[in-house]
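Visitor: I have a model open on my screen and would like to understand the words people use for it. Could you walk me through them?

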Amino acid sequence: MISRAPKIIPYKCIIFLAMLFVTVDLAAVSVAYRMVELNSLFELNSAATFIFPVTYALGDIITEVYGYSMARKLIWLSLGLQFIFALMVTAAIHLPNPGYYLSANAYYTVFGSILRFVAAGTIANVVSNFMNIYIVSKLKIPLEGRLFWIRSILSTIVSGFLMVTIIVAMGFSGKDIDFTKSWIMFKSTYSLEVVYAIILALPSAVIAKFLKKYEKVDVYDHDTNFNPFYFIRTAQINAPLTQKI
């Protein structure tokens, strides 16, 4: 039976967190081929590297508070929206332009390879993001919910390594970057990922602690199916295993 009464969303902050996750994702995609040089350690980076690690922090927070299943849904939705974004941008930049408009080539230069990056990013996201939330969720049980900041750093270090390896190999190799520059980019980008992991760990822990109290939920994934491709919705996301704050 279809209800005519408005439904109340059980969680107050999840919509904002989901929209923020997608916003950060798309911002990173948009500046993926903008190169940045800071110093000898961070010698060659994609500008996306300064944005994308925030998604790891958000994924950690969502997993810690709402559980692995919620984070899994968000990752898949974000990947789908990335493809829609890339398709729309690609279609838009190939529309005919007036003869007097001289900036069309700039759009081709910036966004012409966005589908390639998103394709590489999809593989990297599936591998790295699911590894990230898996580590946070799995270690939560034996540690009884403690040391979230350490779990967050560890998960980002592991998942960041996988992400950077795949993205550099598939998204940048052959695009104005030779093997030597690819290695420099890998070293620089991964170093930056580690720095981000350390910087964001404490703020993420504070936010997660606040959300647990505010939402009155703290999910432990004791019997969760961690298969990234498991889409069957359970009756309630680990409701019997949720600790109320």
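Visitor: What pattern does the protein follow when read along the sequence?

Guide: This is a predicted model, and its elements run α-β-β-α-α-α-α-α-α-β-β. That comes to 7 helices and 4 strands.

Visitor: What makes the protein as compact as a globular protein of that length?

Guide: Its radius of gyration is 20 Å, and the globule rule gives 18 Å for 245 residues; the two are close, so the protein is as compact as a globular protein of that length. The C-alpha trace spans about 60 × 50 × 30 Å along its principal axes. Buried residues make up 48% of the 245. The protein exposes about 13,200 Å², and 70% of that comes from carbon and sulfur atoms. Among contacts with a separation of 6 or more, 79% are between residues 24 or more positions apart.

Visitor: Let's turn to single helices. How do you know that the span of α2 agrees with what is expected?

Guide: Its 14 residues should span 20 Å at 1.5 Å a residue, and the end C-alpha atoms are 20 Å apart, so the two agree. Helix α1, residues 14-30, gives a similar check: its 17 residues reach 24 Å from first C-alpha to last, close to the 24 Å expected.

Visitor: Why is α2 called largely enclosed?

Guide: Because 13 of its 14 residues are buried, α2 is largely enclosed by the rest of the structure. Just after α2 comes Gly67, whose phi is positive, near 105°.

Visitor: Which residues of α1 are buried, and what covers them?

Guide: The buried residues of α1 are Ile14, Leu17, Phe21, Val22, Val24, Asp25, Leu26, Ala28 and Val29. Their cover includes α2, α3, α5 and α7.

Visitor: Why is Thr55 called buried?

Guide: The word applies under 20% relative accessible area. Thr55 has 0%, so it counts as buried. Thr55 is found in helix α2, residues 53-66. Beyond its neighbours within four places in sequence, Thr55 is in contact with Phe21, Val24, Asp25 and Asn129. A polar atom of the Thr55 side chain also lies 2.7 Å from the backbone oxygen of Phe52; the cut-off for a polar contact is 3.5 Å.

Visitor: And why is Leu139 called partly exposed?

Guide: Buried needs under 20% and exposed needs over 50%. Leu139 has a relative accessible area of 30%, which falls in between, so it is partly exposed. Leu139 lies in helix α5, residues 114-140. Leaving aside neighbours within four places in sequence, Leu139 is in contact with Arg151 and Leu154.

Visitor: Arg151 is a charged residue I would like to follow. What makes its pairing with Glu64 a salt bridge?

Guide: Side chains of opposite charge can pair when their charged atoms come close. The cut-off is 4 Å between a side-chain nitrogen of Lys or Arg and a carboxyl oxygen of Asp or Glu. For Arg151 and Glu64 the closest N and O atoms are 2.7 Å apart, and the pair forms a salt bridge. This pair links distant parts of the chain, with Arg151 in helix α6 (residues 148-172) and Glu64 in helix α2, 87 residues apart. Both Arg151 and Glu64 are buried.

Visitor: Which other residue forms a salt bridge with Glu64?

Guide: Lys212 does, with its closest N and O atoms 2.8 Å apart. Here helix α7 holds Lys212 and helix α2 holds Glu64, so to speak two distant parts of the chain, 148 residues apart. Lys212 and Glu64 are both buried.

Visitor: How do you know that Asp218 and Lys140 form a salt bridge, and are these two residues buried or exposed?

Guide: The closest N and O atoms of Asp218 and Lys140 are 2.5 Å apart, against the cut-off of 4 Å. The pair links strand β3, residues 218-219, with helix α5, across 78 residues of sequence. Asp218 has 5% relative accessibility, so it counts as buried. Lys140 has a relative accessible area of 2% and is therefore buried too.

Visitor: What joins Glu64, Lys140, Arg151, Lys212 and Asp218 into one network?

Guide: Salt bridges that share partners join these residues into one network. Over the whole structure, a search finds 6 salt bridges.

Technical notes
Residues numbered from 1 in each chain as written. Predicted model: local features only at pLDDT ≥ 70, side-chain atom pairs only at ≥ 80, totals over all residues. Heavy atoms only, no water. Buried < 20%, exposed > 50% of the residue type's maximum accessible area, 1.4 Å probe, protein only. Polar contact = N/O pair within 3.5 Å; in protein donor to acceptor, adjacent residues only side chain to side chain. Contact = heavy atoms within 4.5 Å. Expected span 1.5 Å × (residues − 1). Rg over C-alpha atoms; globule rule 2.2 N^0.38 Å. Areas by Shrake-Rupley, 256 points an atom, 1.4 Å probe, with all protein chains shown as cover.
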